[in-house]
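Here is a set of short exercises with worked solutions, meant for a first meeting with this structure. Try each task yourself before you read on.

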Amino acid sequence: TVIQTIQMGVPIARVELVDVNSVRMVNAYSKLTLREEPMLLMEFHGSPTGVKEQAEMVQDIAGEFGGNAFEWAERPEDRTRLFTARHNAYFAAVSSRPGCRCITTDACVPISRLADALLDSVREADDSGIPYFLVGHVGDGNFHFGYLIDPDNEDERSRAEQLNHQLVSRSIALGGTCTGEHGVGIHKMDFLREEAGDGAVRMMRSIKQALDPKNILNPGKIFSL
C-alpha cells in the first residue's frame, strides 16, 4: 500500500507503520482498544476537497491489498488518539517485558524495496524467538525494529545484534542506507565503509581533521582517525 501510494505521487504528508506487536503493547500500556492488526497511520494536507480525494484514493489502494477498518480523524483529539499508538510504542514495548533492555535499529531503503526489506526482517525476528516491535516512517522508507532482550542473557544479546547486522546489510544491499535518521555513531562505523566505500570515508576524515584538528568535536564517532 505504501509503495503504490508513493509511486502514484499521492501528496501524502506522512505515513507511519505500527506492527501488530506494537499495537498489542500500546493497548496494554495506554489502555486503548485498537484493532490488534498492523496499522498504517496517514496524514494528509491540503484543502478539504483535496484531502478527501487523497484519502479516498489511498483507501482504494489499501483495499486492493486487504486493508480494512479505515478510520478518518479530523478533530485534533481524534488524531491524537490514533497517533498515540506510534508515539508510545517504545515505552509500551519496554513495559511489556519488565527489566528488559531494547536494542533498536535504524535503516532506510528505497520505497520500491520497502516490502522486501521488512518482510525478510520480520521473518528473521520471528524465527529468533526474541520479543520485538516494528515501527517506521515508511513514507520515507525508514523503519525501526526494537528487540527486547534480557540484559543478563548473552545469547539474547548476541542474537539481537545478529538480527541488527542482517537488517542493515540487507538494507544496504537493496540500495538503502545503514541509518535513516539516528546517525552512524560508534556502532555503524563498519557499515558506513560498506555503504560509502573507503575512498568516501577518507574524504570525510580529511574534512574532519581540517575543521577539528584537536578532535574535540564528538570524538570517536562516525569513523576512526
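**Exercise 1. Decide whether Arg14 is buried, partly exposed or exposed, and find its charged partner.**

Solution. Keep in mind that this is a predicted model.

- Step 1: The relative accessible area of Arg14 is 30%. Buried would need under 20% and exposed over 50%, so Arg14 is partly exposed.
- Step 2: Side chains of opposite charge can pair when their charged atoms come close.
- Step 3: For Arg14 the partner is Glu43, and the two side chains form a salt bridge with 3.2 Å from N to O.
- Step 4: Now place the two on the chain. Arg14 belongs to strand β1 (residues 12-18) and Glu43 to strand β2 (residues 39-44), so the bridge links distant parts of the chain, 29 residues apart.

**Exercise 2. Work out how exposed the partners are in the salt bridges of Asp116 with Arg113 and of Asp120 with Arg170.**

Solution.

- Step 1: Asp116 and Arg113 meet through their side chains at 3.0 Å, N to O.
- Step 2: Asp116 has a relative accessibility of 36% and counts as partly exposed. Arg113, with 32%, is partly exposed.
- Step 3: In the bridge between Asp120 and Arg170, the closest N and O atoms are 4.0 Å apart.
- Step 4: This pair links distant parts of the chain, with Asp120 in helix α6 (residues 114-128) and Arg170 in helix α7 (residues 154-173), 50 residues apart.
- Step 5: Asp120 is partly exposed at 32% relative accessibility, whereas Arg170 counts as buried at 16%.
- Step 6: Bridges can also share partners: Arg75, Glu77 and Asp78 are joined into one network in this way.
- Step 7: The full count comes to 14 salt bridges.

**Exercise 3. Explain why Cys100 is in no disulfide, then look at Cys108.**

Solution.

- Step 1: The cysteine sulfur closest to that of Cys100 belongs to Cys102, 6.9 Å away. A disulfide needs two sulfur atoms within 2.5 Å, so this pair is too far apart for a bond.
- Step 2: Cys108 is in no disulfide either; its nearest cysteine sulfur, that of Cys178, lies 11 Å away.
- Step 3: A search of the whole structure agrees, with zero disulfides found.
- Step 4: Check the surroundings too. Cys100 is buried, with a relative accessible area of 5%, and Cys108 is buried, with 15%.

**Exercise 4. Describe the surroundings of Thr179.**

Solution.

- Step 1: Start with the location: Thr179 sits in the loop between α7 and α8 (189-196).
- Step 2: Its relative accessible area is 15%, so Thr179 is buried.
- Step 3: The side chain of Thr179 reaches the backbone nitrogen of His182 at 3.2 Å.
- Step 4: Beyond its neighbours within four places in sequence, Thr179 is in contact with Asp106, Val184 and Lys188.

**Exercise 5. Find out how the rings of Phe145 and Tyr147 are arranged.**

Solution.

- Step 1: The ring centres of Phe145 and Tyr147 are 6.0 Å apart, with 25 degrees between the planes.
- Step 2: Planes under 30 degrees apart count as stacked, so this aromatic pair is stacked.
- Step 3: Both residues, Phe145 and Tyr147, are buried.
- Step 4: Widen the view: Tyr132, Phe143, Phe145 and Tyr147 form one aromatic cluster. The count for the structure is six aromatic pairs.

**Exercise 6. List the buried residues of helix α4 and name what they pack against.**

Solution.

- Step 1: Helix α4 covers residues 76-87, and its buried residues are Leu82, Phe83, Thr84, Ala85 and Arg86.
- Step 2: These buried residues pack against β1, α2 (20-30), β2, α5 (89-96), β5 (132-137) and β6 (142-149).

**Exercise 7. Put together a picture of the whole chain.**

Solution.

- Step 1: Count the elements: the chain has nine helices and six strands.
- Step 2: Its C-alpha atoms fill a box of roughly 55 × 40 × 30 Å along the principal axes.
- Step 3: The chain has 225 residues, of which 39% count as buried.
- Step 4: About 12,300 Å² is exposed, and carbon and sulfur atoms supply 53% of that area.
- Step 5: Among contacts with a separation of 6 or more, 65% come from residues 24 or more positions apart.

Technical notes. Residues are numbered from 1 along each chain as its sequence is written. This is a predicted model: local features need pLDDT of at least 70, side-chain atom pairs count only at pLDDT 80 or more; totals for chains, interfaces and linings use all residues. Side-chain values use heavy atoms; hydrogens and water are left out. Buried means under 20% relative accessible area, exposed over 50%, partly exposed in between (1.4 Å probe, protein chains only). Helices (H or I, at least four residues) and strands (E, at least two) are DSSP runs, numbered from the N terminus. A polar contact is a pair of N or O atoms within 3.5 Å; within protein, one must be able to donate a hydrogen and the other to accept it, and residues adjacent in sequence count only if both atoms are side-chain atoms. Contact means heavy atoms within 4.5 Å. Accessible areas come from the Shrake-Rupley method with a 1.4 Å probe; for residues, only the protein chains shown count as cover. Rings of Phe, Tyr and Trp (its six-membered ring) pair if their centres lie within 6.5 Å; planes under 30 degrees apart count as stacked, over 60 as edge-to-face and the rest as tilted.
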